[in-house]
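Student: Please give me a close look at the surroundings of the ligand, and then set them against the rest of the chain. Plain wording is fine.

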Amino acid sequence: MNLHEYQARDILRRHGISVPDGDVAATAEEARAIAQRLGGRVVVKAQVHAGGRGKAGGVKLAGSPDEAAAAARAILGMHIKGLVVARVLVVPAAEIASESYVGMIVDRVSQRPVLMVSPAGGVDIEEVAARTPERIFRLAIDPRYGLLPHQALGLGFRLYRDAAQARAAADVMLKLAVAFTAVGASLIEINPLAATPAGTVVALDAKIAVDDNELERRPDIAALRDLSAEDPAEVAARAAGLSFIKLEGNVGCCVNGAGLAMATMDLVQFYGGAPANFLDIGGSSNPQKVVAALKIITADPSVRAVLINIFGGITRCDDVATGIVQATQAFPLAVPIVIRLTGTNEREGLAILERAGFSAVTDMDDAVRRAVALAQGGAA
Ligand code: GDP
Ligand code: MN
């Protein structure tokens, strides 16, 4: 789950990291009032779950309350990476002498949280990582001890030569590491951590992604979820109890079990196609889940063929077949569908499908080959 910058800032502040004052506005007039209260120059920032807002025009400097209102008017309603901006954050503009990067992720390779810092922070950090990776410094953190003060100070000196600034940056890192664990983050990032001309160090941006598996025991964090800012298909999938991830291809996949879903995607690729999604209806056998899955898959305009791949175990083929029939009665399919059903109650399932005018196959290779051909506009 992604948090908005204004939510992430609150969390950082609660952990003792100093972040500038500021407030959230949903209208230009609200933005004007906040700018008036803050006095002087402000920055108006789009609140969406996307990086690169600065480059997309979603971060604007304003010299007066009028300019802040105009900036808010320009940013509200803007699309950034497919997401509509519904709110802006208005903060006092800081003078920036230099921009650093400080972030933490869960690293699968070292199986540890890894702290990453770079003196080359700012909007081009991806380019720094790609072109000059030696300018990014990493430290895997031993979960038994957490980040230790001497380690943080060592990294602080990678960012600043000045001892006071290095110490200030180290202090931010130590608090960031505590926040990381406290909220169950998979990613936490301050970019830029800015040095001001006066020599202070201040967090000018904040990003936190929380591991969904950590939410159940953190209701206060779970309550920060902003459904209106998320992809509607993923929201619908979560509500229906489906595991769903949107992908780039055109073969819509509806599968039971994560392992079979992965194998199905591999096979789609193997036969020259590309999956439009990962979708696992789970191990239970509930026709409603199939209906919900087909609704989500067919709502995606890039889907050219639907592939249903069911290996019945606990999941019963007759229940899935009932779900398919119900779904296609509720919303007629505009694209061809290929059904592979095998396992528990296979015969009953095939009979239900045949009565409704569908045919199904039992061989997975066969089904995937057909679906790929249909998605490419050929015959099955
Ligand atoms: P992002 O592009 O989504 O990461 O948004 P950021 O909040 O990081 O803003 C992008 C860039 O805008 C920063 O890297 C800064 O260069 C600039 N910026 C953000 N806040 C301020 C500010 O208070 N003062 C100044 N001068 N520049 C700022
Ligand atoms: Mn940033």
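Tutor: What follows starts at the ligand, moves outward through selected residues and ends with the chain as a whole.

This is a predicted model, in which local features need pLDDT of at least 70 and side-chain atom pairs count only at pLDDT 80 or more, while totals for chains, interfaces and linings use all residues. Residues are numbered from 1 along each chain as its sequence is written, chains are lettered from A and ligands numbered from 1 in the order in which they are written, and side-chain values use heavy atoms, with hydrogens and water left out.

Ligand 1 has 16 residues around it, and K45, R53, G54, A94 and E99 come nearest; a residue is near if one of its heavy atoms lies within 4 Å. Sorted by class, this shell holds eight nonpolar, four polar and four charged residues. Here Ala, Val, Leu, Ile, Met, Phe, Trp, Tyr, Cys and Pro are nonpolar, Asp, Glu, Lys and Arg are charged, and the others, Gly among them, are polar.

Three of the nearest residues can be followed atom by atom, through polar contacts (N or O pairs within 3.5 Å; within protein, one atom must be able to donate a hydrogen and the other to accept it, and residues adjacent in sequence count only if both atoms are side-chain atoms). At E99, an N or O atom of the side chain lies 2.6 Å from an oxygen atom of ligand 1. The backbone serves at G54, where a polar backbone atom is 2.8 Å from an oxygen atom of the ligand. At A94 the partner is again a polar backbone atom, this time 2.8 Å from a nitrogen atom of ligand 1. Taken alone, ligand 1 exposes 560 Å², and the protein buries 83% of that area (Shrake-Rupley, 1.4 Å probe).

Ligand 1 sits in the largest pocket. Sitting there requires more than half of the ligand atoms within 2 Å of the pocket's grid points. A pocket is an open set of points on a 1 Å grid over the protein atoms alone, where a 1.4 Å probe fits and protein lies on both sides within 12 Å along at least five of seven lines. The elements that give two or more residues to the shell are strands β2 (42-46) and β10 (185-195); strands are DSSP runs of E with at least two residues, helices runs of H or I with at least four.

R53, one of the residues nearest to the ligand, leads one step further out. Its side chain makes a polar contact of 3.0 Å with the side chain of D205. D205 is in the loop between β11 (201-203) and β12 (207-210). D205 counts as buried because its relative accessibility is 17%, where buried means under 20%, exposed over 50% and partly exposed in between.

Strand β10 also deserves a look along its length. A185 lies in this strand and is buried because its relative accessibility is 6%. The C-alpha atoms of A185 and P133 are separated by 24 Å, with their positions 52 residues apart along the chain. P192 is also in β10, and the peptide bond that leads from N191 to P192 is cis, with omega near 10 degrees. Most residues other than glycine have a negative phi, and most peptide bonds are trans.

Two loop residues bear on the phi part of that statement. K81, between β4 (79-80) and β5 (83-84), has a positive phi of about 50 degrees without being a glycine. K81 is exposed, because its relative accessible area is 62%. Q111, in the loop between β7 (98-107) and β8 (112-118), has a positive phi near 55 degrees. Q111 is likewise exposed, at 69%.

N256 is in another loop, between β14 (251-255) and α9 (258-270). N256 is buried because its relative accessible area is 9%. Its side chain reaches the backbone nitrogen of F311 at 2.9 Å and makes a polar contact of 3.4 Å with the side chain of T315.

A163 belongs to helix α6 (residues 163-183) and is partly exposed because its relative accessibility is 31%. A163 and P143 are 20 residues apart in sequence and 27 Å apart in space, C-alpha to C-alpha.

As for the chain as a whole, there are 13 helices and 17 strands. Of its 380 residues, 49% are buried. The C-alpha trace spans about 75 × 50 × 40 Å along its principal axes.

Notes. On a 1 Å grid over the protein atoms alone, a cavity is a set of points where a 1.4 Å probe fits but cannot get out, and a pocket is an open set with protein on both sides within 12 Å along at least five of seven lines; lining residues have an atom within 4 Å of a point. Buried means under 20% relative accessible area, exposed over 50%, partly exposed in between (1.4 Å probe, protein chains only).
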